[in-house]
Amino acid sequence: MKFSIIIPTYNRANFIEKTILSALNQSYTDFEVVVVDDGSTDHTETIIKKINSNKVKYYFKENGERGAARNYGVQYAIGDYITFLDSDDLLRPNYLEEASQFIQQNNPNVFFQLFDIKNHKGKLIKKAITPPKEVSSALIHEGNIFACQGAFIKKETFNHYLFQEDRKLAGSEDYELWLRMNVNESILCNPVTTSTLIEHDDRSVLNYDIERIIQRKELMLHYLFDDPRTAAFYSPFKKVLYANSYAYISIHLILSKAKKTGFKYYFKALKQRPLLFFSRKSLAILKHLIS
């Protein structure tokens with residue numbers, strides 16, 4: 001069984017080498033690393049081509065955002081399963097070994113492994129989530145609990161779906177895909193922590209474009225409920241999904257000091273789902289509102 005690790009990158013010359021080396025440092029040996037340079041203007045290409053490994057394949061394309069870059073990489077992938085890694089994050093050496101064992105036991109089309117969050121100095125910021133008992137329900141009621149690293153999908157299954165390539169959706173394209181696959185696929189969770197998301201200044205909420213956050217979350221809902229198949233499946237959960245999206249917008253607005261607009265979206269979330277008031281999300285929003 002062969003794995004393809006797809007790494008889209010854009011102007012991450014300061015991170016990409018460490019990311020690729022973490023992908024190469026696997027105890028399981030049958031894999032390839034497909035790096036898609038999404039139009040970088042820094043010295044990303046130079047860094048990548050200095051890495052001496054026949055497992056690394058490098059492709060350059062015009063900038064089209066991460067969804068398009070991942071789809072592009074899968075075209076060249078030869079693995080039975082594909083998995084994704086952002087170009088500033090890290091895999092542990094057991095990442096593929098754990099996946100291989102889980103596949104042998106369960107033969108899933110789609111599954112996830114867990115990740116923790118650390119800062120650029122390696123200090124733990126957040127432990128991995130508690131594994132959900134039922135992934136489908138968690139994706140609906142809790143939001144995007146997974147990241148692209150940790151996602152494993154049979155290549156033939158992925159080709160039935162693909163990431164949306166709408167640039168305006170960037171940042172929510174992964175959640176939109178998980179929700180779309182959730183309609184027909186039995187998504188599983190392998191409850192082991194095998195990768196790390198690195199929190200750094202470029203990922204800071206203070207650097208987010210608020211208008212883009214609002215636009216992409218509303219666009220995600222549009223894609224979901226404009227498609228008759230997904231709309232029918234999620235119709236009973238429409239208010240939950242809208243409430244969670246508005247709450248997500250609210251907390252990011254508040255953290256970016258746009259408290260008035262943040263409260264407006266918090267109120268919109270409560271109108272969709274009053275019980276949200278008793279959730280941890282609501283507690284976090286209120287805490288930051290009054291701080």
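1. Start with a close pair of charges. Arginine 66 and glutamate 65 join their side chains in a salt bridge, at 3.2 Å from N to O. The model is a predicted one. Arginine 66 counts as partly exposed, because its relative accessibility is 34%. Glutamate 65 counts as buried, because its value of 18% falls under the 20% cut-off.

2. Next, look at arginine 92 and aspartate 116. Their side chains meet in a salt bridge of 2.6 Å, N to O. Arginine 92 sits in the loop between strand S5 (90-91) and helix H4 (95-106), and aspartate 116 sits in strand S6, so this pair ties together parts that lie 24 residues apart in sequence. Arginine 92 is partly exposed, with a relative accessible area of 29%. Aspartate 116 is buried, at 5% relative accessibility. Back at the earlier pair, Glu65, Arg66 and Arg212 form one network through salt bridges that share partners.

3. A third pair lies within a helix. Glutamate 45 and lysine 49 form a salt bridge through their side chains, 2.6 Å from N to O. Both belong to helix H2 (residues 44-49); they are four residues apart, so about one helical turn separates them. Glutamate 45 is partly exposed, with 33% relative accessible area. Lysine 49 is exposed, with 55%. Side chains of opposite charge can pair when their charged atoms come close. In the whole structure, the search finds twelve salt bridges.

4. Now the enclosed space. Rolling a probe the size of a water molecule over the atoms shows where empty space is left. How many cavities of 30 Å³ or more does the structure hold? It holds one. The largest cavity has a volume of about 50 Å³. Its lining includes Glu65 and Arg66, the two residues that meet in the salt bridge of the opening point. Also in the lining are Gly64, Gly67 and Ala68, along with Gln164, Glu165, Asp166, Leu169, Ala170 and Glu173. Helix H3 (residues 66-76) gives the most to this lining, with three residues. By type, the lining of the largest cavity has three nonpolar, three polar and five charged residues.

5. Then the open space. The second largest pocket has a volume of about 240 Å³. Three elements each give two or more residues to its lining: helix H1 (16-24), strand S6 (110-119) and strand S9 (188-199). Strand S6 also holds aspartate 116 of the second pair. The lining of this pocket counts 14 residues. Which of them lie nearest the centre of the pocket? They are Lys18, Leu90, Asn119, His120 and Ile198. The lining of the second largest pocket divides into three nonpolar, six polar and five charged residues.

6. On the surface, check the nonpolar patch. Leu275, Phe277 and Phe278 make a patch of about 390 Å². Phenylalanine 277 lies in the loop between helix H11 (259-272) and helix H12 (280-290). Is phenylalanine 277 buried or partly exposed? Phenylalanine 277 is partly exposed, with a relative accessible area of 43%.

7. Last, helix H12 itself. Lysine 287 is found in this helix. Lysine 287 counts as exposed, because its relative accessibility is 58% and the cut-off is over 50%. Lysine 287 and isoleucine 251 are 36 residues apart in sequence. In space, lysine 287 and isoleucine 251 are 10.0 Å apart, C-alpha to C-alpha.

Conventions
Residues are numbered from 1 along each chain as its sequence is written. This is a predicted model: local features need pLDDT of at least 70, side-chain atom pairs count only at pLDDT 80 or more; totals for chains, interfaces and linings use all residues. Side-chain values use heavy atoms; hydrogens and water are left out. On a 1 Å grid over the protein atoms alone, a cavity is a set of points where a 1.4 Å probe fits but cannot get out, and a pocket is an open set with protein on both sides within 12 Å along at least five of seven lines; lining residues have an atom within 4 Å of a point. Grid points are joined across faces, edges and corners, and a volume is the space filled by probe spheres set on the points. Ala, Val, Leu, Ile, Met, Phe, Trp, Tyr, Cys and Pro count as nonpolar, Asp, Glu, Lys and Arg as charged, and the others, Gly among them, as polar. Patches are made of residues with over 30% relative accessible area and no salt bridge: like charges are joined within 9 Å, nonpolar side chains (Val, Leu, Ile, Met, Phe, Trp, Tyr) within 5 Å. Accessible areas come from the Shrake-Rupley method with a 1.4 Å probe; for residues, only the protein chains shown count as cover. A salt bridge is a side-chain nitrogen of Lys or Arg within 4 Å of a carboxyl oxygen of Asp or Glu. Buried means under 20% relative accessible area, exposed over 50%, partly exposed in between (1.4 Å probe, protein chains only).
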